Amino acid sequence: MIWIILFCSLDFSLRSIIGISYDNNIYKFSDQEIEEYTSGLYPNKYPIKTADDLRLDFSTKFRLEFRPIENRVSYMDCFIKSSSYLNNRIKDYWNFSIEFRQDLGSIDAVLGYSILPDYMIRYYRPSGGSEYVPCKYTRGRFNMGFSGTLHGNILTVSARYWTLDYYEEFDYYDSKNYAARFTWWKDFSKFLRPELLYEFCFSDAKGPIPDISYYNHSFTVGNSLVPGIKRISDAYFKYSLDLRTYISENSPLVDPIHSGRRELVHNISAGVKVRVLLGMYSEFFVSREFRYANSDVYPEIEKLKNYKKWTLGTIFYYRI
């Protein structure tokens, strides 16, 4: 009984989200792969129902507020999300995260952990295998960071570490990943609220053949604004760029897909948030993503790894 009384005395909030979106290339197929799939000549390579799909997302975020340190607020956020596809049910997934945030006066400290089990990428043929099988992994990720405000500038510095544990057929893809991130945001006016992000990531894969280890630089620039239109509370656009360099030291003869490979991934997105009722909002969004790959030793890599995709959808969320 005392635990119930203590829990009820704490401040808490709950936010639920329901979203539906359309993705015209859920497996990130290249143009050549889309032609192979639509031809129907390779059923063993593409044992899928559709290359595009509708996805339904449901998530709930529970926040608990307490004060273990006098005059210093602490937060505990628990977040769970499930995503289900209409036709390609093998792509369904869920993830859970927990995060602690502590007010330290001029700065906030954050510590968190998340898990994403059995995430399906696509069907691949294992090294040395003859059949195409689901390529899945489980991701466990830790993050920590600090954020604060300086002369109206909101700055965040954070670090992340995560592991990817693939199914046994693809255990050479297992990796340890390290990333450092910096973000800056400032509210100049209701029309100018820019955001900048930079992240460096190093992925150390198990290998040895193939070896998918890489360095990755991520850049994001965006702006949000209040358009002054009735019921539209917010609008935004973002552009992100990933520059990835694979660092396999294997000979191109044994690992041509990764040796000397480089990638550029562009993502452009925009959205508007509409107030439906008190405490209830709807967001409409669209994004365009495309990847360019090149290699000094495998000129045909672009036919395998270049892709483009559209995603558009809507999200409804409610807070109590």
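**Exercise 1.** In this predicted model, determine in which strand Tyr123 is found, whether Tyr123 is buried or exposed, and which residues Tyr123 touches beyond its sequence neighbours.

*Solution.* Begin with the secondary structure, where Tyr123 is found in strand β5. Next take the relative accessible area of Tyr123, which is 16%; because buried means under 20%, Tyr123 counts as buried. Then list the contacts, not counting residues up to four places away in sequence: Tyr123 touches Lys45, Pro47, Ile48, Ile90, Tyr132, Val133 and Pro134. Finally, compare sequence with space: Tyr123 and His151 are 28 residues apart along the chain, and their C-alpha atoms are separated by 50 Å.

**Exercise 2.** Carry out the analysis for Ala109, and state how far its C-alpha atom is from that of Met144.

*Solution.* Ala109 is found in strand β5, which spans residues 107-124. With a relative accessible area of 18%, Ala109 is buried. The C-alpha atoms of Ala109 and Met144 are separated by 7.5 Å, although the two residues are 35 apart along the chain. Leaving aside neighbours within four places in sequence, the contacts of Ala109 are Phe100, Arg101, Gln102, Leu104, Gly145 and Phe146.

**Exercise 3.** Lys91 and Asp255 are charged residues; find what surrounds the side chain of Lys91 and which side chains make polar contacts with Asp255.

*Solution.* Take Lys91 first, which lies in the loop between β3 (72-85) and β4 (93-103). Lys91 is buried yet has no salt bridge, and the nearest side chain of opposite charge, that of Asp23, is 7.6 Å away. Since a salt bridge needs nitrogen and oxygen within 4 Å, one looks instead for another polar partner, and the backbone oxygen of Ile121 lies 3.3 Å from a polar atom of the Lys91 side chain. Beyond four places in sequence, Lys91 touches Ile26, Tyr27, Tyr85, Tyr119, Met120 and Ile121.

Now turn to Asp255, placed in the loop between β11 (232-246) and β12 (261-277). Asp255 is likewise buried without a salt bridge, the nearest side chain of opposite charge being Arg261 at 7.6 Å. Its side chain is joined by a polar contact of 3.3 Å to that of Ser248, and by another of 3.3 Å to that of Asn250. Not counting residues up to four places away, Asp255 touches Pro210, Asp211, Ser248 and Asn250.

**Exercise 4.** Where does Pro210, a contact of Asp255, lie, and what is the geometry of the peptide bond that joins Ile209 and Pro210?

*Solution.* Pro210 is found in the loop between β9 and β10. The bond joining Ile209 and Pro210 is cis, with omega about -5 degrees. Pro208 lies in the loop between β9 (193-205) and β10 (214-225), and the peptide bond from Gly207 to Pro208 is also cis, with omega near -5 degrees. These bonds deserve a note because most peptide bonds are trans.

**Exercise 5.** How many salt bridges does the structure hold, and how exposed are the partners Arg261 and Glu263?

*Solution.* The structure holds 19 salt bridges. Arg261 forms one of them with Glu263, the closest N and O atoms being 2.4 Å apart. Arg261 counts as buried at 4% relative accessibility, and Glu263 is buried with a relative accessible area of 4%. A further bridge pairs Glu199 with Arg181, with closest N and O atoms 2.9 Å apart. This pair links distant parts of the chain, Glu199 in strand β9 and Arg181 in strand β8 (residues 175-186), 18 residues apart. Glu199 counts as buried at 7%, whereas Arg181 is partly exposed at 31%.

**Exercise 6.** Which residues line the second largest pocket, and which element gives the most to the lining?

*Solution.* The space in the second largest pocket is about 160 Å³. Its lining consists of Ser30, Asp31, Gln32, Phe290, Arg291, Tyr292, Glu302, Lys303, Asn306, Tyr307 and Lys308. Sorting by element, α2 (31-39), β13 (280-295), α3 (301-305) and β14 (307-319) each supply at least two residues, and β13 gives the most, with 3 residues.

Notes. Residues are numbered from 1 along each chain as its sequence is written. This is a predicted model: local features need pLDDT of at least 70, side-chain atom pairs count only at pLDDT 80 or more; totals for chains, interfaces and linings use all residues. Side-chain values use heavy atoms; hydrogens and water are left out. Helices (H or I, at least four residues) and strands (E, at least two) are DSSP runs, numbered from the N terminus. Buried means under 20% relative accessible area, exposed over 50%, partly exposed in between (1.4 Å probe, protein chains only). Lys and Arg count as positive and Asp and Glu as negative; His and the chain ends are not counted. A polar contact is a pair of N or O atoms within 3.5 Å; within protein, one must be able to donate a hydrogen and the other to accept it, and residues adjacent in sequence count only if both atoms are side-chain atoms. Contact means heavy atoms within 4.5 Å. On a 1 Å grid over the protein atoms alone, a cavity is a set of points where a 1.4 Å probe fits but cannot get out, and a pocket is an open set with protein on both sides within 12 Å along at least five of seven lines; lining residues have an atom within 4 Å of a point. Grid points are joined across faces, edges and corners, and a volume is the space filled by probe spheres set on the points.
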